[in-house]
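Welcome to the tour. Open your viewer, switch to a cartoon view, and let us go from stop to stop together.

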Amino acid sequence: MAVLPIRITGDPVLHARANDVDEIDESLYALVHDMEDTMSQAPGVGLAAPQVGVPLRLFVYNWRDEDGELHRGTAINPQLLVSPPPLGDADPEEDSEGCLSIPGERFPLLRSHTALLRAVELDGTPYEVLATGWLARIFQHEFDHLDGVLYADRLPDAHHRAAQRVVRRRKWGVPGNSWLPGRDHLDD
């Protein structure tokens with residue numbers, strides 16, 4: 001398979017609602033496998049199709065929890081139900097989040113502690129996962145990508161302004177920027 005370029009904030013595909021997947025075919029199999037390779041090489045714990053320039057409602061995830069249990073799958077045309085997010089301020093240690101489309105940056109963001117993911121796996125099987133903690137965060141983050149929302153869009157004002165300064169400093173926020181995991185180094 002192949003490692004795909006990851007689009008950086010400002011690319012229109014990242015800021016628009018993705019289209020439903022109409023058919024699971026060979027091209028979708030190839031896309032999912034390329035996304036898995038890309039996510040692994042980045043490295044990341046989730047990757048949505050719009051992040052690799054494909055406007056489809058699809059994401060992959062691969063995360064091992066603190067007990068060693070592997071949570072891995074493909075979510076095609078997902079639905080996500082979440083509990084209300086907690087009130088208060090995000091903890092910079094516990095609630096810091098990053099994004100492969102805003103590479104190298106992390107900001108604290110409160111997310112719901114529980115999420116119910118309903119989706120279709122690559123073999124066409126519908127499934128449901130009740131997630132808590134970090135897995136719930138991963139699902140919310142990736143699902144947002146399918147609606148054209150990046151985590152920086154959800155940051156409270158002070159952190160949102162800091163994220164926007166980073167985007168301006170790095171000359172992101174415009175169409176056409178991407179990076180290739182395994183090849184590009186995006187350090188300051």
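Start with the whole chain and follow the elements from the N terminus: they run β-α-β-β-β-β-β-β-β-α-α-β. That makes three helices and nine strands in this protein, which is a predicted model. The radius of gyration is 16 Å, close to the 16 Å that the globule rule gives for 188 residues, so the protein is as compact as a globular protein of that length. If you draw a box along the principal axes, the C-alpha atoms fill roughly 45 × 35 × 30 Å.

Stay with the full view and switch on the surface. About 9700 Å² is exposed, and carbon and sulfur atoms supply 49% of that area. Of the 188 residues, 47% count as buried. Contacts also reach along the chain: among those between residues at least 6 apart in sequence, 67% join residues at least 24 apart.

**Stop 1: the sheet**

Hide the surface and select strands 2, 3, 4, 7 and 8. They form an open sheet of five strands in the order 2-3-4-7-8, with antiparallel pairing. Look at the edges, where strand 2 and strand 8 (126–132) stand: each has a single partner strand, so one side of each is left without a neighbour in the sheet. Neighbouring strands of this sheet are turned by 40° against each other on average, direction ignored.

Now zoom in on strand 4 (70–82) and strand 7 (residues 114–120), an antiparallel pair joined by five bridges. Which residue of strand 7 stands opposite isoleucine 76? Click on valine 120 to find that partner.

**Stop 2: helix 1**

Next, select residues 26–41, which make up helix 1. At 1.5 Å a residue, its 16 residues should span 22 Å; the end C-alpha atoms are 23 Å apart, which agrees. Helix 1 lies across strand 2, strand 3 and strand 4, and runs at about 40° to strand 3.

Show side chains for Leu28, Leu31, Val32, Asp34, Met35, Glu36, Thr38 and Met39, the buried residues of helix 1. Acidic Asp34 and Glu36 are on that list, beside residues such as Leu31 and Met35. To see what these buried residues pack against, add strand 1 (6–7), strand 2 (46–48), strand 3 (58–64) and strand 4.

**Stop 3: helix 2**

Finish by selecting residues 133–146, helix 2. This helix lies across strand 2, strand 3, strand 4, strand 7 and strand 8, and runs at about 160° to strand 3.

Terms used: Residues are numbered from 1 along each chain as its sequence is written. This is a predicted model: local features need pLDDT of at least 70, side-chain atom pairs count only at pLDDT 80 or more; totals for chains, interfaces and linings use all residues. Side-chain values use heavy atoms; hydrogens and water are left out. Helices (H or I, at least four residues) and strands (E, at least two) are DSSP runs, numbered from the N terminus. The expected span of a helix is 1.5 Å times one less than its number of residues. Buried means under 20% relative accessible area, exposed over 50%, partly exposed in between (1.4 Å probe, protein chains only). Contact means heavy atoms within 4.5 Å. Two strands pair if DSSP finds at least two bridges between them. Axes are lines fitted to C-alpha atoms, for helices over the stretch in contact, and angles run from 0 to 180 degrees between N-to-C directions. The radius of gyration is taken over C-alpha atoms; the globule rule is 2.2 Å times the number of residues to the power 0.38. Accessible areas come from the Shrake-Rupley method with a 1.4 Å probe; for residues, only the protein chains shown count as cover.
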